[in-house]
Amino acid sequence: MSRAPNARLREVAAAFVRHMHAFAREVKLTEEEFELGVDFLNRIGQSTHDAHNEGVLFSDAIGFSTLVCLLNNGQNGATETASALLGPFWRMHSPATENGGSIVRSETPGPALFANCRIADPDGNPLADVEVDIWQASPVGLYENQDPGQADMNLRGKFRTDAEGRIWFRSVKPAGYPVPTDGPVGDLLRAQLRHPYRPAHLHFLCYKPGYKTLITQVFVDDDQHLESDVVFGVTRHLIGDFQQGVGAAPAPGVDGPWFRLTYDFVMEAGEAKLPTPPIR
Ligand code: BEZ
Ligand code: FE
């Protein structure tokens, strides 16, 4: 290890090996358990393909993705936790959509949602021209790439903040959903008697040169799984204010219940960079 020219690789790899050895000693790992662990890792790789990322899911399900997210955002814990894990379902190139537009791209039954968001810097100055990528599951709890009944890019869209830092759009109120449980992560959850549910949420990825890319989620405030998100993504700050609308909805053609979400984001100065998409 000491000959590796990359100092960060030396540090990370040495610590990794040290902790793996300490782990085996602590639990007195048996040979059968070692084989099971290697098989589990191999099955994570074998379950991963273009449209599914079991590696990200495993990291999410053991709270590791959220830990890395919290370590790297919110000015080392000095500010409220405004970031959340990316998850396995972000796709690049979601359709550019005008403010006021809808991200419902094929028939999607469920309560209408009208969202109004504002993005500011830590001093409260509005940030214009922020690209805001949004993705969410449908009211039956499936992302479009998991559901042949939804159009390509349904419930995904990319908006741009106006001079006052605002975006606004129409969607449907998301539902909570189980993470995929047909792979090794599902086996782990069952063995641990854990439920596989995420509370209902919308994902946001906010990008503007000169600012640290903000990746986060806003959760529906009455969801029964807010306290037990299978991937540990919920913080108090990320619970949205979803108000049920009274009277006529602010758009034609809405029969039945509708909701309004109002939510403000803060972006810190820093480096703007996009993550590698977990799926295509
Ligand atoms: C998601 O929110 O899209 C998600 C996050 C972690 C695991 C599965 C799904
Ligand atoms: Fe999600």
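**Iron site, sheet and hollows**

User: How many cavities of 30 Å³ or more does the structure hold?

Analyst: This is a predicted model, so take the hollows as computed from it. The largest cavity has about 100 Å³ of space. With the cut-off at 30 Å³ or more, the count comes to one cavity.

User: And which residues lie nearest the centre of the largest cavity?

Analyst: Its lining divides into eleven nonpolar, two polar and two charged residues. That lining is made by 15 residues, and the ones nearest the centre are D60, G87, P88, Y177 and R198.

User: Y177 turns up at the metal too. Which protein atoms are the donors of the iron ion (ligand 2)?

Analyst: Along the sequence, the donor residues follow the spacing Y-x33-Y-x23-H-x1-H. Their donor atoms lie 1.8 to 2.1 Å from the iron ion (ligand 2), and they are Y143 (OH), Y177 (OH), H201 (NE2) and H203 (NE2).

User: How far apart in sequence are the parts that Y177 and H203 tie together?

Analyst: Y177 sits in strand β5 (residues 177-178), while H203 belongs to strand β7 (residues 201-207). The pair therefore links parts whose separation in sequence is 26 residues.

User: What is the arrangement of the six donor atoms around the iron ion (ligand 2)?

Analyst: Look at the angles the six donor atoms subtend: they run from 55 to 164°. Because of that spread, the arrangement is irregular.

User: Switching to the open sheet, which are its edge strands?

Analyst: Four strands make up this sheet, in the order β4-β1-β10-β9, with mixed pairing. An edge strand pairs on one side only, and that picks out β4 (166-172) and β9 (241-244).

User: Which residue in β4 stands opposite L113?

Analyst: Strand β1 (residues 112-120) pairs with β4 in the antiparallel sense, over seven bridges. In β4, the residue opposite L113 is S171.

User: Now the pockets. Which element gives the most to the lining of the largest pocket?

Analyst: The largest pocket has a volume of about 1,000 Å³. Of its 24 lining residues, M20, F23, G37, L41 and F58 are the closest to the centre. At least two lining residues each come from α1 (7-27), α2 (31-47) and α6 (184-191). The top contributor, with nine residues, is α2.

User: Same for the second largest pocket: which element gives the most to its lining?

Analyst: About 640 Å³ of space lies in this one. It is lined by 22 residues, with V68, C69, N73, L86 and I215 closest to the centre. The elements giving two or more of them are α3 (54-61) and α4 (64-72). With five residues, the one that gives the most is α4.

Notes. Residues numbered from 1 in each chain as written. Chains lettered and ligands numbered in written order. Predicted model: local features only at pLDDT ≥ 70, side-chain atom pairs only at ≥ 80, totals over all residues. Heavy atoms only, no water. 1 Å grid on protein atoms, 1.4 Å probe; cavity = no way out; pocket = protein on both sides within 12 Å on 5 of 7 lines; lining within 4 Å. Points joined across faces, edges and corners; volume = space filled by probe spheres on them. Nonpolar A, V, L, I, M, F, W, Y, C, P; charged D, E, K, R; others polar. Pairing = 2+ DSSP bridges. Donors = N, O, S within 2.8 Å, 3.2 Å for Na, K, Ca; no water. Tetrahedral: all angles 85-135°; square planar, octahedral: opposite > 155°, others 65-115°.
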